[in-house]
Amino acid sequence: MLILSRKENESITIGDSIKIKVIGIDKGSVKLGFEAPPEMLILREELKIAIQEENKKSLQYGEVALNQLYQIKKKV
């Protein structure tokens, strides 16, 4: 992991197309601004984890439904 210190209004560039800028610092909170191509998805980590968990649930429900359909088809 690369660790950098930045002050307000300073930036970090990742590759040729991503820029992260420190917009403000207030009471233990840092406000960041992101410039990236529109096709690049930028998510807070807690939101990414929530989406992954919902996707896992959907897969489980889908598997159950497929098994039920298979059992019905076997009976026919």
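How many residues lie between β2 and β3 in their hairpin? Two residues separate these strands, and Lys27 in the turn has a positive phi of about 50 degrees.

This is a predicted model, in which local features need pLDDT of at least 70, side-chain atom pairs count only at pLDDT 80 or more, and totals for chains, interfaces and linings use all residues. Residues are numbered from 1 along each chain as its sequence is written, and side-chain values use heavy atoms, with hydrogens and water left out.

**Overall form**

The protein has one helix and three strands. Their order from the N terminus is β-β-β-α. Helices (H or I, at least four residues) and strands (E, at least two) are DSSP runs, numbered from the N terminus.

The radius of gyration is 22 Å, whereas a compact globule of 76 residues would have one near 11 Å. That radius is taken over C-alpha atoms, and the globule rule is 2.2 Å times the number of residues to the power 0.38. Along the principal axes, the C-alpha atoms fill a box of roughly 70 × 30 × 20 Å.

Buried residues make up 7% of the 76 residues. Buried means under 20% relative accessible area, exposed over 50%, and partly exposed in between (1.4 Å probe, protein chains only). The protein exposes about 7300 Å², and carbon and sulfur atoms supply 56% of that area. Accessible areas come from the Shrake-Rupley method with a 1.4 Å probe; for residues, only the protein chains shown count as cover.

Of the contacts between residues at least 6 apart in sequence, 0% join residues at least 24 apart. Contact means heavy atoms within 4.5 Å.

There are 13 positive and 11 negative side chains, and the centres of the two sets lie 7 Å apart. Lys and Arg count as positive, Asp and Glu as negative; His and the chain ends are not counted. Each charge is placed at NZ of Lys, CZ of Arg, CG of Asp or CD of Glu.

**The strands**

Both pairings are antiparallel. Two strands pair if DSSP finds at least two bridges between them.

| Pair | Bridges | Residues between strands | Opposed residues |
|---|---|---|---|
| β1 (residues 11-14) and β2 | four bridges | three residues | Thr13 and Lys19 |
| β2 (residues 18-26) and β3 (residues 29-35) | seven bridges | two residues | Asp26 and Ser29 |

Gly15 sits in the turn of the β1-β2 hairpin, with a positive phi of about 60 degrees. Lys27 lies in the loop between β2 and β3. Lys27 is exposed, at 82% relative accessible area.

Most residues other than glycine have a negative phi. Lys27 is not a glycine, yet its phi is positive. Asn9 is also not a glycine, and has a positive phi of about 75 degrees. Asn9 belongs to the segment before β1. With a relative accessible area of 51%, Asn9 is exposed.

**Gly24 and Met40**

Gly24 is in strand β2. Is this residue buried or exposed? Gly24 counts as buried, because its relative accessibility is 17%. Leaving out residues up to four places away in sequence, Gly24 touches Glu8, Ser29, Val30 and Lys31. The C-alpha atoms of Gly24 and Glu8 are 5.5 Å apart, across 16 residues of sequence.

Met40 lies in the loop between β3 and α1 (45-75). Met40 is partly exposed, with a relative accessible area of 37%. Its C-alpha atom is 13 Å from that of Gly15, 25 residues away along the chain.
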